[in-house]
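Got your viewer open and ready? Let's take a walk through this protein together, one selection at a time.

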Amino acid sequence: MNGQIAIPCVVMRGGTSRGPFFLARDLPADPRARDAVLLSVMGGGHDLGIDGIGGGNAVINKVAIIGPASVPGADVDYLFAQVRVREGIVDTSPNCGNMLAAVGPFAIEAGLVAATADRTQVRIHNVNTGKLIDATVSTPDGRVTYEGEARIDGVPGTAAPIELSFPNAAGARTGRLLPTGRAVDRIEGIDVSCIDAAMPVMLVRAADLGWTGREEPSEFAGSGFRARLEDLRIEAGRRMGFPNSASMVIPKPVLIAPAIKATLITRYFMPHDCHSALAVTGAVAIATACVTPGTIAAEMVGPLAPPVPITLAHPSGQLVVRLEPGPIAQVQRTARRIFQGQVFARRAHVPHSILAA
C-alpha cells in the first residue's frame with residue numbers, strides 16, 4: 001500500500017565484510033528483477049548508497065542469497081552479489097570468501113541445515129563459481145554461537161571461529177589456474193601474473209608501479225594511478241577470457257611486495273578501491289600463486305610447497321592461508337548476526353513488466 005516491497009532480511013558480518021543475507025525464495029527468480037530489487041535495497045545510484053542500506057565502501061555493498069542446494073553433495077546454494085552502488089550495477093561474477101564465512105551460521109539458523117553437537121560442517125555450493133566449500137561452524141548444544149576467542153585482523157574483538165576449506169580452488173571462473181597459459185604476462189611494459197584460484201586476480205609487483213606495498217589504502221586514491229591500474233586490469237581480464245571486464249569486478253588487481261614478518265605484503269583492490277584488509281578468495285589466489293612455479297609471487301618468496309602456511313600482510317594486519325596437499329586451502333574467519341527484520345525496496349525501482357515476467 002505504501003509503494004514499497006517488504007523483504008525478509010538478515011544483516012551479517014562475514015569476516016571483514018558485511019551485508020544483507022536473503023533466502024532465495026524471498027527474491028524474484030528473474031535475474032533482472034532480482035538485481036533491480038537489490039539496487040533499490042542497497043541505494044544504487046549514489047556514492048554512499050544514501051537511499052538504502054549500502055555504504056561508501058565495497059566491503060559493505062555485498063549481498064548473499066542462500067537457498068537449498070541445487071547440486072549433489074552440497075547442503076546449500078550461495079549466490080554472491082557485489083553491488084556497485086555508484087554505477088548502479090549488480091555483479092555476480094565473483095565469489096566472496098569473507099561473506100562466505102557467515103553462510104554456514106545463516107543456513108543453520110534459517111533451518112536449511114541441521115546443527116550437530118559441538119561443531120557443524122556445512123558444505124556450500126558457490127553458485128558464482130560452481131565450486132564447493134566446507135564451513136565448520138561452532139554449534140555447542142546444537143545451536144550456533146557467535147561468541148568465542150578467535151581473532152581476525154580487521155575486526156575488533158573476538159568471536160567463535162569458522163573454518164573454511166577450499167578444495168580444488170583452481171579455475172574457479174576460467175577452468176584453469178593460469179588462464180593465459182603463462183605464469184607471467186607482460187602488459188604495457190609491466191610483468192603481471194594472472195591467477196584463477198577461488199578468485200581471478202592479476203598480481204603486480206608494487207615496485208613496478210612506483211609503490212612500496214606498505215601504503216595505506218587512502219594513498220592509492222590518485223586518479224592517474226587508478227586509471228593505469230584499470231588499464232592493466234582490463235587487458236589482463238581480456239587475456240584471461242573476460243572481454244567485458246571493464247563492467248565486472250574481476251579480475252581483482254593485487255600489488256605484492258617482499259615481507260620480513262610475513263610471506264608477502266599485499267594491497268588488494270576491489271577493483272578500484274584498495275581493501276582495508278584482504279578478501280579471503282583473493283588470499284587463496286595469492287597463496288596459490290606463491291606455490292606456482294614461475295609466477296611473480298613464487299619468484300618473490302622462493303621455493304614453497306604444501307603443506308605450508310602462507311602469511312599475507314594487509315593494511316589491517318595479517319591473514320594466514322594454510323595450503324594442504326589435495327590441493328586444499330584453509331582459512332579461519334569469524335561472523336556475527338547483526339540485524340534481522342524486513343528491508344524495503346521501492347516498487348517504482350522495479351518495473352512492473354519485470355516483476356510480472
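**Stop one: a proline to start from**

Select proline 167 first: with a relative accessibility of 23%, this residue counts as partly exposed, because the partly exposed class lies between 20% and 50%. Keep in mind that you're looking at a predicted model. Proline 167 sits in strand S8. Now show its neighbours: leaving aside residues up to four places away in sequence, proline 167 touches Leu132, Ile133, Pro327 and Ile328. Next, click arginine 13 as well. Its C-alpha is 24 Å from that of proline 167, and the two are 154 residues apart in sequence.

**Stop two: the two domains**

Colour 4–168 together with 334–354 as domain 1, and 185–324 as domain 2, following the domain assignment. How far apart are the centres of domain 1 and domain 2? Taken over C-alpha atoms, they are 25 Å apart.

**Stop three: where they meet**

Select the contact residues: 19 from domain 1 and 21 from domain 2. About 1500 Å² is buried between the domains, with carbon and sulfur atoms giving 58% of it. Highlight Arg84, Asp153 and Phe166, the trio that supplies 28% of the area domain 1 buries against domain 2, more than any other three residues.

Looking for salt bridges across this interface? The rule finds 0, but it does find 4 residue pairs in polar contact. To see the domain 1 side, show strands S4 (76–84), S5 (89–91) and S8 (162–167) plus helix H2 (97–100), each of which supplies at least two residues. Colour that side by class and you'll get 7 nonpolar, 8 polar and 4 charged residues.

Key: Residues are numbered from 1 along each chain as its sequence is written. This is a predicted model: local features need pLDDT of at least 70, side-chain atom pairs count only at pLDDT 80 or more; totals for chains, interfaces and linings use all residues. Side-chain values use heavy atoms; hydrogens and water are left out. Domain bounds come from an automatic or database domain assignment. Contact means heavy atoms within 4.5 Å. Buried area is the accessible area (1.4 Å probe) that two parts lose on being put together, summed over both. A salt bridge is a side-chain nitrogen of Lys or Arg within 4 Å of a carboxyl oxygen of Asp or Glu. A polar contact is a pair of N or O atoms within 3.5 Å; within protein, one must be able to donate a hydrogen and the other to accept it, and residues adjacent in sequence count only if both atoms are side-chain atoms. Helices (H or I, at least four residues) and strands (E, at least two) are DSSP runs, numbered from the N terminus. Ala, Val, Leu, Ile, Met, Phe, Trp, Tyr, Cys and Pro count as nonpolar, Asp, Glu, Lys and Arg as charged, and the others, Gly among them, as polar. Buried means under 20% relative accessible area, exposed over 50%, partly exposed in between (1.4 Å probe, protein chains only).
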